[in-house]
Amino acid sequence: MEEPPQQFSEFLRILVVDHETTIHNAIVEMSIGLNYAVTTCSMASFALTLLREAKSCFDVILIEEQMSDMDSYDFLKEITQQINIPAIMMGVDGSESTMMKAIANGACEYWIKPLNEDQINNMWQHVTRKVVNENEHDQILETLESNHNYQPPKKKNRLSWSQELNQEFLRAVNQFGLDNATPKKVLEVMNVPGLTKESVASHLEKKLKKKKKTMETLTRNLT
């Protein structure tokens with residue numbers, strides 16, 4: 001597990017907004033020993049009021065995709081654009097369209113429930129990205145791409161990515177997050193006979209470019 005920098009070593013303040021008590025308990029349990037201060041909330045409207053009154057009390061927010069009292073994407077846009085706090089959306093829909101919709105509306109990532117310990121362990125990285133540069137999305141994305149340590153294949157990839165294969169790819173990527181996934185990791189998780197590292201690298205590069213284009217569109221809309 002990668003260790004957080006010194007400025008985040010004391011504690012990370014997390015707000016979890018989800019109507020499921022089991023999700024609250026699981027995140028709190030996984031945060032034990034990580035110096036994370038976890039606040040849980042079941043109502044989005046209450047969470048929004050809390051954030052408006054004390055936004056400096058939280059470093060990152062985990063929100064569910066299906067909220068009971070308001071539209072989750074309206075909530076997401078409010079906290080990322082107006083309150084300016086990193087947010088991660090959680091849900092059970094692992095489709096590419098849902099993941100990209102969450103990112104387009106301001107989410108750092110889209111995580112499939114139930115969450116795993118690696119995701120909780122590395123949550124501080126989203127806060128460091130915000131601290132490094134809150135507005136220069138292009139610079140952040142270029143840095144993330146360079147960390148993948150691979151060169152896309154020069155030859156055109158002829159593999160046909162069926163809907164089923166793409167679903168397996170997205171499930172694998174969501175285990176690490178789009179920002180942290182590498183071709184080797186994704187290939188090992190997918191474990192599909194005949195699938196090569198080069199094919200996964202090419203497909204991953206397309207997803208990164210699509211995310212970058214989405215962020216560019218979002219940035220233009222905000223200026």
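Start by selecting N191 in this predicted model. N191 is exposed, with a relative accessible area of 64%, a figure that puts it in the exposed class because the cut-off for that class is over 50%. Look at the ribbon on either side and you will find N191 in the loop between α9 (183-190) and α10 (197-222). Now check its backbone: phi is positive, about 50°, although N191 is not a glycine. Most residues other than glycine have a negative phi.

**A second asparagine**

Keep the backbone angles on display and move to N84. Which loop holds N84? The loop between α3 (72-83) and β4 (87-91) does. Here phi is near 65°, again a positive value in a residue other than glycine. As for its surroundings, N84 counts as partly exposed because its relative accessibility is 34%.

**A peptide bond to check**

While you are looking at backbone geometry, select K113 and P114 together. The peptide bond joining K113 and P114 is cis, with omega about -5°. Most peptide bonds are trans. P114 itself lies in the loop between β5 and α5 (117-121).

**Into strand β4**

From here, select G91, which lies in strand β4. Is G91 buried or exposed? G91 counts as buried, because its relative accessibility is 5%. Show everything around G91 and, leaving aside neighbours within four places in sequence, you will see contacts with E65, Y110, W111, I112 and K113. One of these contacts, K113, is the residue you have just seen joined to P114 by the cis bond. Draw a distance from G91 to Y110 as well: the two residues are 19 apart along the chain, and their C-alpha atoms are separated by 7.5 Å.

**Across to helix α4**

Keep Y110 and E65 highlighted and add T98, a residue of helix α4. Which residues does T98 touch, once its neighbours within four places in sequence are left aside? The contacts are E65, Y73, D93 and Y110. So E65 and Y110 are in contact with T98 and also with G91, as the definition of contact is heavy atoms within 4.5 Å. T98 counts as buried because its relative accessibility is 8%.

**The cavity**

Y110 also leads to the next stop. How many cavities of 30 Å³ or more does the structure hold? The structure holds 1, and about 30 Å³ of space lies in the largest cavity. Rolling a probe the size of a water molecule over the atoms shows where empty space is left. To see the walls, select M99, I103, E109, Y110, N174, G177 and L178, which line the largest cavity. Colour them by class and you will have 4 nonpolar, 2 polar and 1 charged residues in the lining. Then colour by secondary structure: α4 (96-104) and β5 (109-112) each supply at least two residues of the lining. Colouring by domain adds another view, since the lining draws at least three residues from each of domain 1 (12-145) and domain 2 (163-221).

**Helix α6**

Next, jump to W124 in helix α6 (residues 124-132). W124 counts as buried because its relative accessibility is 5%. Add D59 to the selection and draw a C-alpha to C-alpha distance. W124 and D59 are 65 residues apart along the chain, and the separation between their C-alpha atoms is 8.6 Å.

**Strand β1**

For the last residue, go to L15 in strand β1 (residues 12-17). L15 counts as buried because its relative accessibility is 0%. Leaving aside neighbours within four places in sequence, L15 is in contact with T39, C41, A47, L50, L51, F58, V60, I61 and L62. Show V38 too: L15 and V38 are 23 residues apart in sequence, and 6.0 Å apart in space from C-alpha to C-alpha.

**Zoom out**

Finally, clear the selections and take in the whole chain. Its secondary structure comes to 10 helices and 5 strands. Of the 223 residues, 47% count as buried. Switch on the surface, and the accessible area comes to about 12,000 Å², of which 48% belongs to carbon and sulfur atoms. How do the contacts run along the chain? Among those between residues at least 6 apart in sequence, 71% join residues at least 24 apart.

Notes:
Residues numbered from 1 in each chain as written. Predicted model: local features only at pLDDT ≥ 70, side-chain atom pairs only at ≥ 80, totals over all residues. Heavy atoms only, no water. 1 Å grid on protein atoms, 1.4 Å probe; cavity = no way out; pocket = protein on both sides within 12 Å on 5 of 7 lines; lining within 4 Å. Points joined across faces, edges and corners; volume = space filled by probe spheres on them. Helix = DSSP H or I, 4+ residues; strand = E, 2+ residues; numbered from the N terminus. Nonpolar A, V, L, I, M, F, W, Y, C, P; charged D, E, K, R; others polar. Domains from an automatic or database assignment. Buried < 20%, exposed > 50% of the residue type's maximum accessible area, 1.4 Å probe, protein only. Areas by Shrake-Rupley, 256 points an atom, 1.4 Å probe, with all protein chains shown as cover.
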